[in-house]
Amino acid sequence: MERDVTNRYRGLPPRTPDMLLKIVRKFYRGAVSHFDLIQEKKKTVRQALLSMRQTGDPQPLREALTVLFWEFHFYVTCWLQIDLALYRLARLDETGRYAEVYARYRSEIDRHLQVRKCAEDTAACVEAQFDRFGSGMSGVEQDAYWFDGLSFTVDQASLDALHRLYRAIMKEEA
């Protein structure tokens, strides 16, 4: 079964709460450890933008954006896996604690998953930047990339939201 964002809750295999919490930990660590790499790729994108402005050749920028969006894809896939685990924890938990966490962080999770859905087609994401920002590429300068109507980046605010979500889930483990 395809595990895309739209159909993400269909046909999930059964897991124990302990296993689901291990999944949350694993993908939280994966996203956090990937953060610095993403920041390095953003620097590469900014350098490619400067090069494009000097030479008029957009190809290096297209290539740098492609790599950056692959890294974004990994990061938001970690959010997807945490979402799937939290969804199942909420369904298994008779106390409703995980359901409360799920409801409280729903909009932040959905924001990241909207990007995940778009990032499946990296080439289209790259073209969307040129369509939205033109040759000036102000989105690169502002660290605000365009994903199907959503301005998004993997920045400290995104990482802080992930930390808050993780702490809220782990708090309920006790």
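**Exercise 1. Helix packing**

In which crossing, left-handed or right-handed, does H2 pass H3?

*Solution.* The model is predicted: local features need pLDDT of at least 70, side-chain atom pairs count only at pLDDT 80 or more, and totals for chains, interfaces and linings use all residues. Residues are numbered from 1 along each chain as its sequence is written, and side-chain values use heavy atoms, with hydrogens and water left out.

Step 1. Identify the elements: H2 covers residues 59-92 and H3 covers residues 97-119. Helices (H or I, at least four residues) and strands (E, at least two) are DSSP runs, numbered from the N terminus.

Step 2. Take the geometry. H2 and H3 pack at an angle of about 150 degrees, and their axes are 9 Å apart. Axes are lines fitted to C-alpha atoms, for helices over the stretch in contact, and angles run from 0 to 180 degrees between N-to-C directions.

Step 3. Assign the hand. The crossing of H2 with H3 is left-handed; this term applies if the near helix is turned anticlockwise from the far one by less than a right angle, and right-handed applies if clockwise.

Step 4. List the contact residues, where contact means heavy atoms within 4.5 Å. On the H2 side they include His73, Trp79, Asp83 and Tyr87, and on the H3 side they include Tyr102, Arg106, Glu108 and His112. By class, the contact of H2 with H3 has 16 nonpolar, three polar and four charged residues. Ala, Val, Leu, Ile, Met, Phe, Trp, Tyr, Cys and Pro count as nonpolar, Asp, Glu, Lys and Arg as charged, and the others, Gly among them, as polar.

**Exercise 2. Overall layout**

State the order of the secondary-structure elements and describe the extent of the protein.

*Solution.* Step 1. The protein has six helices and two strands. Read from the N terminus, the order is α-α-α-α-α-β-β-α.

Step 2. Along the principal axes, the C-alpha atoms fill a box of roughly 60 × 30 × 20 Å.

Step 3. Of the 174 residues, 48% count as buried. Buried means under 20% relative accessible area, exposed over 50%, and partly exposed in between (1.4 Å probe, protein chains only).

Step 4. Among contacts between residues at least 6 apart in sequence, 79% join residues at least 24 apart.

**Exercise 3. The nonpolar core**

Which residues have the most contacts inside the largest nonpolar core, and which elements supply at least two residues of this core?

*Solution.* Step 1. A nonpolar core is a set of buried Ala, Val, Leu, Ile, Met, Phe, Trp, Tyr and Cys residues joined through side-chain atoms within 4.5 Å. The largest has 59 residues, and Leu65 and Ile169 have the most contacts inside it.

Step 2. At least two residues each come from H1 (17-55), H2, H3, H4 (122-133), E1 (145-147), E2 (150-152) and H6 (156-171). H2 gives the most, with 18 residues.

Step 3. Beyond four places in sequence, Leu65 touches Val45, Val126, Gln129, Phe130, Met137, Val140 and Tyr145.

Step 4. Consider Met137, one of these partners of Leu65. Met137 lies in the loop between H4 and H5 (138-142) and counts as buried because its relative accessible area is 1%. Its phi is near 50 degrees, a positive value in a residue other than glycine. Most residues other than glycine have a negative phi.

**Exercise 4. A lysine in helix H1**

Is lysine 42 buried or exposed, and which residues does it contact?

*Solution.* Step 1. Lysine 42 lies in H1. Its relative accessibility is 1%, so lysine 42 counts as buried.

Step 2. Its side chain makes a polar contact with the side chain of glutamine 39 at 3.2 Å. A polar contact is a pair of N or O atoms within 3.5 Å; within protein, one must be able to donate a hydrogen and the other to accept it, and residues adjacent in sequence count only if both atoms are side-chain atoms.

Step 3. Neighbours within four places in sequence aside, lysine 42 is in contact with Leu68, Phe72, Asp143, Tyr145, Thr153, Val154 and Asp155.

**Exercise 5. Two residues outside the buried class**

Classify aspartate 148 and threonine 55 by accessibility.

*Solution.* Step 1. Aspartate 148 is found in the loop between E1 and E2. Its relative accessible area is 62%, so aspartate 148 is exposed. Aspartate 148 has a positive phi of about 50 degrees although it is not a glycine.

Step 2. Threonine 55 is in H1 and is exposed, with a relative accessible area of 54%. A polar atom of its side chain lies 3.1 Å from the backbone nitrogen of aspartate 57.
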